[in-house]
Each structure stands twice: as C-alpha cells, then as structure tokens.
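Visitor: I'm new to this one. Could you walk me through how to read it?
Guide: Sure, let's look together.

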Amino acid sequence: FITAIVKYPQLIEGDLQILSNQAFGRCGRTKLVFADNQGGELVVACQWETVTGNDVERIATLKSASLSSEHDKSRLMVVAETIDPAIRQLLDRDDISWREIPRDELCHFLDEKGDLYLSDFISAKNGLNPPPSYLPER
C-alpha cells in the first residue's frame, strides 16, 4: 500500500514529489512528506487498515507537529483503505484532507500502469504487509 503511494503519488493528489518516508508513533505507522505544485508540503499519514477513533490522538499529534514545522505551507492528509464515517467528519472539521483507496481501486490502477507484481501482491491476502519501501532514484 505504502509502496504504491510512494511510487504513484497521483493516487492521492496530482503533481507531488516525495521528500521523505518514515515510520512514526508506537505502531510504526508511515508518514510520507511530499512537495506539492504550489510550493507547499503535503504530510500524509498512511495506514492500510480502517482509520477509527483509536487513531484520532495519533492524527492530532501529527497535525500539531506538521503545522508547527518550519514550512508554513504544510497540509495534512490521512490515507487509508477505509476511514470510519465519523472520523471523516472529524477530519473535515479540523481541515485535514483524507483519501480512501479501496484495495480493488488500487489494484485496478496498478494493473492499468502495468505494475502487475505490485497489484498481485496487494490483492493477495498477504498484501497487508507491504514490500520494502520504494524511493525513486535521484
């Protein structure tokens, strides 16, 4: 899941360039930081499983850290396969973007890109355990 987002950031928003990829928090969730086409940063909190009320504190902490960074144009987005409807309302209220990427939509996208290995991996039951992180060559 994370590999697909790093490799194809247009899954979440157009014209993004990866700046960093790191694990954060007690559960080792992934935080991606992209440069957007407006000169800002998009901080993306990613998790494959459904985002629920249990994740709210982690998201609030990440928002606080993102907005207090030295980059004044930082935005936060939560990306997951599904996001609980109550959490979507909370995110909207707090001006946090969100994007759901259902497994079938992701696999269809990857198939269209010809990335059959990654599509097969994600569509398999073990797709919950992503392959090693992909960072484009510079």
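Visitor: Which residues of helix α5 are buried?
Guide: A quick note before that: this is a predicted model, where local features need pLDDT of at least 70 and side-chain atom pairs count only at pLDDT 80 or more, while totals for chains, interfaces and linings use all residues. Residues are numbered from 1 along each chain as its sequence is written, and side-chain values use heavy atoms, with hydrogens and water left out. Buried means under 20% relative accessible area (1.4 Å probe, protein chains only), and helices (H or I, at least four residues) and strands (E, at least two) are DSSP runs, numbered from the N terminus. In α5, residues 116-123, the buried ones are Leu118, Ser119, Phe121 and Ile122.

Visitor: Why are they on the same side of α5?
Guide: An α-helix has 3.6 residues a turn, so residues three or four places apart point the same way. Here the buried residues cover an arc of only 165 degrees around the axis, which puts them on the same side of α5. That arc is taken from the directions from the helix axis to the C-beta atoms.

Visitor: What covers them?
Guide: Look for contacts, meaning heavy atoms within 4.5 Å. The cover includes α1 (2-7) and α4 (103-113).

Visitor: And how many bridges join strand β3 to β4?
Guide: Two strands pair if DSSP finds at least two bridges between them. β3 (residues 41-47) and β4 run parallel, joined by seven bridges. Among the partners, Cys46 is matched with Val79 in β4. Four bridges join β4 to β5 (residues 97-100), also in parallel.

Visitor: Is β4 enclosed or open?
Guide: Six of the seven residues of β4 (residues 74-80) are buried, so β4 is largely enclosed by the rest of the structure.

Definitions and conventions
Buried < 20%, exposed > 50% of the residue type's maximum accessible area, 1.4 Å probe, protein only.
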